[in-house]
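Colleague: Please take me through one part of this model slowly. Pick a sheet, start with how its strands pair, and then show me what lies around it.

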Amino acid sequence: MQDKVWIFDTTLRDGEQALKASLTEEDKILLAHTISRLNVDVMEVGFPVSSPADFRAVQRIAREISGPSICGLARAVSKDIEACGEALRPAEKSRIHTFIATSPLHLEHKLRMSLDDATEMAVKSIKLARNYTDDVEFSCEDASRTPFDDLCRVVERAIDAGASTINLPDTVGYVTPDEYAAMIRHIRNNVPNIDKARLSVHCHNDLGLAVANSIAAVQAGARQIECTINGIGERAGNCSLEEAAMILKMREDHLQVGCDIRSEEIYRASRQVAKICNMPVQPNKAIVGENAFAHSSGIHQDGVLKAQNTYEIMSPETVGVPNNQLNMTSRSGRHVIEHRLSELGYQKSDYDMDSLYESFLALADQKGTVYDYDLEAMIHFNQITDKDDFYQLQFVNASSNSQSIASATVGIAMGEQLKQEAATGNGPVEAAFLALERITGKAVDIVEYNLDATGQGASSLGQVDMIAKYDGRRYHGTGLAADVVEASVHAMVHVYNLIHRAAKVSSLKQQRKAG
Ligand SMILES: CC(=O)SCCNC(=O)CCNC(=O)[C@H](O)C(C)(C)COP(=O)(O)OP(=O)(O)OC[C@H]1O[C@@H](n2cnc3c(N)ncnc32)[C@H](O)[C@@H]1OP(=O)(O)O
Ligand SMILES: CC(C)C(=O)C(=O)O
Ligand SMILES: [Mg+2]
């Protein structure tokens, strides 16, 4: 690597500021371990003065995590610095991050003080922080809206006072990459003691430029990027760690700098943050979105099958995604079908591609994604059996209240037979699923369960989208109903019908082989 950019993760501080419910101490510890596995250089894990719970969480992380430097945030006031220093005391390596706004707007309206007064507070706080650690970071909040000359004056004083990292945030995500790079260059060229500090950037995403601004700043000489997993953070979020890190890794040739992030840990970290913070990742999100390594159109699938790098600039394994995905949809072509079938053990002579492709398109138009068992059904039955569902939901009765255990009774027609079962559970959905399990005799593993509302206001419908695993295979079930328990039961019945159909296809395959 030519030169290194430090990665400063602030998922547990700036990221946490954006959550509707604060993270518990246990959540923070779990995420802290995950973040440290990414091999970040610094992790900012809280604002100790803000609450006793945050103080305790920072202290526990400081005690438990080794490797990265553990950092806490503090305003430029003594009580914040002291709380931060105390919370970080058990850390192997600690950093106190103190800040004060320097822009005319923030000085006049928020802090109601002059730049000189703010500078004196910064100097005093940095000196106090140095009593706790040699590693002190100072941020000029709203730096990107601060006149360059003012920034130079504050930065010089902060370095003289003992700050070894100077952070120049684009707090409100306002500037463009060229403006931000010009600011970094100006500071590097005009602050006499700048060589005694590492320059850091902290970008918000209000105009969608957080990552671009961070990289432009690196090109201008910044050597620390402050970022969060999945880009979570105040308002539109912060620079996304996975995007910044992968740009540095993938384009080291061009940027002449890299970073030490263990990229194979990225996907796991992203999933965990999304789940624990209850902030789902959009499917088309770079690096970690569900579609980041999925190919859906025939021309792309054909290209990837011939040479993966035709449509993939990095392999999914590089970021810990198990494999790429070739979605079979009505935009797919013959090549991907042939490839999938050969992976399933079929030879070209087992089917007539033209007629298979015709059935494939009809089914894909009807249901969106075509799965392996659909392909096999087309080969073996030469027709689609989606309409002949084996399990038909007859009724579901569920009851729950805050004082007793939830219960549900479900009735299912299975061919000529009507079967009903009752069960109890932690909630009505679990009770209904257990009743279904008793009816079918099949215990499935729920890998994903998403409940959403479709429509507006009180008339909206509950929409359930779930992935369940049975016998090593994954099945995707969906359900829609005014009642969320009913929608859930529809989705699970959908899964059972797919399992039933897959079993039918595989027994037919066996019979043909034997005969
Ligand atoms: C850009 C950022 O992300 S900054 C970090 C933002 N994060 C947070 O605010 C989360 C943690 N915050 C908190 O828990 C609380 O806001 C606390 C404990 C810090 C302060 O709470 P309170 O004392 O009740 O004050 P409140 O939050 O209402 O107002 C902030 C005060 O700090 C002052 N202040 C703001 N930034 C700074 C700073 N960097 N240094 C010194 N004072 C500051 C404000 O001017 C205001 O002072 P005032 O009371 O004299 O008007
Ligand atoms: C505290 C600072 C670094 C911050 O979060 C910001 O300016 O956005
Ligand atoms: Mg911020």
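Modeller: Start with strand β12, residues 404-414. Nine bridges tie β12 to β13, and the two strands run antiparallel. Take one pair as a landmark: alanine 406 has glycine 425 of β13 as its bridge partner. Keep in mind that this is a predicted model.

Now widen the view to the whole sheet. This sheet is open and has three strands, in the order β11-β12-β13, with antiparallel pairing. Its edge strands are β11 (391-401) and β13 (417-425), and each of them pairs on one side only. How far are neighbouring strands of this sheet turned against each other on average? The answer is 10 degrees, direction ignored. In general, strands of a sheet pair through backbone hydrogen bonds, either parallel or antiparallel.

A helix covers part of this sheet. Helix α18, residues 484-514, packs on the sheet and touches β11 and β12. The direction of α18 makes about 145 degrees with that of β11.

Next, place the sheet in the chain. The protein is divided into domain 1 (6-276), domain 2 (294-381) and domain 3 (391-514). Strand β11 covers 391-401, so look for the sheet in domain 3, which is given as 391-514. The C-alpha centres of domain 1 and domain 3 lie 47 Å apart.

Go to the other sheet for contrast. There, eight strands close into a barrel, in the order β1-β2-β3-β4-β5-β6-β7-β8, and the pairing is parallel. Neighbouring strands of the barrel sheet are turned by 25 degrees against each other on average, direction ignored. Helix α6, residues 115-130, packs on this sheet and touches β4 (94-101) and β5. The direction of α6 makes about 170 degrees with that of β4.

Follow some of the barrel pairs. Strand β1 (residues 6-9) is joined to strand β8 (residues 224-227) by four bridges, and they run parallel. Tryptophan 6 stands opposite glutamine 224 in β8. Strand β1 also has two bridges to strand β2 (residues 42-44), again parallel. Here aspartate 9 has methionine 43 of β2 as its bridge partner. Further round, β5 (residues 136-141) and β6 (residues 165-167) pair in the parallel sense over three bridges. In that pair, serine 139 stands opposite asparagine 167 of β6.

That last pair leads to a ligand. Ser139 and Asn167 are both among the residues around ligand 2. The others there include Asp14, Phe99, Glu141, His202 and His204. By class, the shell around ligand 2 has three nonpolar, five polar and two charged residues.

Ligand 1 has a shell of its own. Of the 15 residues around ligand 1, Phe47, Ser50, Arg75, Ala76 and Ile100 come nearest. The elements α1 (11-17), β4 and α5 (104-111) each give two or more residues to this shell. The shell divides into seven nonpolar, three polar and five charged residues.

Finish with some helix pairs. The axes of α13 (residues 298-306) and α14 (residues 334-343) come within 8 Å and cross at roughly 50 degrees. Helices α13 and α14 are therefore oblique to each other. From α13, the contact uses Gly298, Gln301, Asp302 and Leu305, and from α14 it uses His335, Val336 and His339. By class, that contact has two nonpolar, four polar and one charged residues.

Helix α14 has another partner. The axes of α14 and α15 (residues 353-367) come within 11 Å and cross at roughly 105 degrees. Helices α14 and α15 are therefore roughly perpendicular to each other. Here α14 brings Arg334, Ile337 and Glu338, while α15 brings Met353, Leu356, Tyr357 and Phe360. This contact has five nonpolar, no polar and two charged residues.

Now return to where we began. Find β12 and trace its nine bridges to β13. Then look for α18 where the helix touches β11 and β12.

Key
Residues numbered from 1 in each chain as written. Chains lettered and ligands numbered in written order. Predicted model: local features only at pLDDT ≥ 70, side-chain atom pairs only at ≥ 80, totals over all residues. Pairing = 2+ DSSP bridges. Axes fitted to C-alpha atoms, helices over the stretch in contact; angles between N-to-C directions. Contact = placed C-beta atoms within 7 Å. Parallel < 35°, antiparallel > 145°, perpendicular 65-115°, else oblique. Nonpolar A, V, L, I, M, F, W, Y, C, P; charged D, E, K, R; others polar. Near = placed C-beta within 6 Å. Domains from an automatic or database assignment.
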